[in-house]
Amino acid sequence: QASQYQRLLVTLSQCDFAMVKTDMVCEMNEKELERYTRIYKQIEAGIEDAKKKILDFQEELKEARRIRKHKQEYDALAKIIAEHPDRQESAAQMRTVEADLAELREQKEALDEKLSLRRKQFHVLMYSIQEMQRLLEDEEETMETEG
């Protein structure tokens, strides 16, 4: 009986050891589960943070593209503007052209007056020639009639 009692105690001891070991493994598994849950939550938070950063970067990219587009438009306009003279130079050219135009108008008026005078003189000359022809014809007629 004593040996059976000893075997029973050994078996109970082994069962108790197995139960303690199982409890320890279970406790360790629960701690690991908690740790993995924390890690999972950290990863989830990291993913959410990364998504927010991606959205922020996408907005920054859109803004950068918009700014780049405006800069290119500005550069194109600046190039076009640079091809043309500045306002002071244009004003100086305009004054020069206006002065030239005024001078040309004066020359035109002078030439128009001169042309008008020449026409009048030509008209007087033609009238004088016609009068001389008429006088010559009258003189010829009187000579023919007398002679």
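How many disulfides does the count come to? Zero. Keep in mind that this is a predicted model, and let's look at the cysteines before moving on to the rest of the chain.

**Cysteines**

Take Cys15: the closest cysteine sulfur belongs to Cys26 and sits 18 Å away, too far for a bond. A disulfide needs the two sulfur atoms within 2.5 Å, so a gap of 18 Å rules this pair out. Seen from the other end, Cys26 is in no disulfide either, with the sulfur of Cys15 as its nearest cysteine sulfur. As for accessibility, Cys15 is partly exposed at a relative accessible area of 48%, and Cys26 is partly exposed too, at 39%.

**Overall shape**

What does the protein chain have in the way of helices and strands? There are two helices and zero strands. The radius of gyration is 60 Å, well over the 15 Å that the globule rule gives for 147 residues, so the chain is more spread out than a compact globule. The C-alpha trace spans about 205 × 35 × 15 Å along its principal axes.

Helix H1 covers residues 2-83, and helix H2 covers residues 87-146.

Now for the surface. Buried residues make up 0% of the 147 residues. The accessible surface comes to about 14500 Å², and carbon and sulfur atoms account for 59% of that.

**Charges and salt bridges**

The protein chain carries 25 positive and 33 negative charges, and the mean positions of the two sets are 18 Å apart. Side chains of opposite charge can pair when their charged atoms come close. How many salt bridges does the structure hold? It holds ten. Here are three of them, each with the distance between the closest N and O atoms:

| Salt bridge | Closest N and O atoms | Helix |
|---|---|---|
| Asp49 with Lys53 | 3.6 Å | H1 |
| Lys62 with Glu59 | 3.8 Å | H1 |
| Asp112 with Lys108 | 3.1 Å | H2 |

Start with Asp49 and Lys53, which are four residues apart in helix H1, or about one turn of the helix. Asp49 is partly exposed at 38% relative accessible area, and Lys53 is partly exposed as well, at 44%.

Further along helix H1, Lys62 and Glu59 are three residues apart, which means that about one helical turn separates them. Is Lys62 buried or exposed? Lys62 is exposed, with a relative accessible area of 53%. Its partner Glu59 falls in the partly exposed class at 49%. The cut-off for exposed is over 50%, so Glu59, at 49%, counts as partly exposed.

Over in helix H2, Asp112 and Lys108 are four residues apart, again about one turn of the helix. Asp112 counts as partly exposed at 38% relative accessibility, whereas Lys108 is exposed at 51%.

Finally, which residues are linked in a network of salt bridges? Glu131, Arg134 and Asp138 are.

**Pulling it together**

The picture is a chain with two helices and zero strands, more spread out than a compact globule. Buried residues come to 0%, the disulfide count is zero, and the structure holds ten salt bridges.

Methods:
Residues are numbered from 1 along each chain as its sequence is written. This is a predicted model: local features need pLDDT of at least 70, side-chain atom pairs count only at pLDDT 80 or more; totals for chains, interfaces and linings use all residues. Side-chain values use heavy atoms; hydrogens and water are left out. Buried means under 20% relative accessible area, exposed over 50%, partly exposed in between (1.4 Å probe, protein chains only). The radius of gyration is taken over C-alpha atoms; the globule rule is 2.2 Å times the number of residues to the power 0.38. Accessible areas come from the Shrake-Rupley method with a 1.4 Å probe; for residues, only the protein chains shown count as cover. Lys and Arg count as positive and Asp and Glu as negative; His and the chain ends are not counted. The place of a charge is taken as NZ of Lys, CZ of Arg, CG of Asp or CD of Glu. A salt bridge is a side-chain nitrogen of Lys or Arg within 4 Å of a carboxyl oxygen of Asp or Glu.
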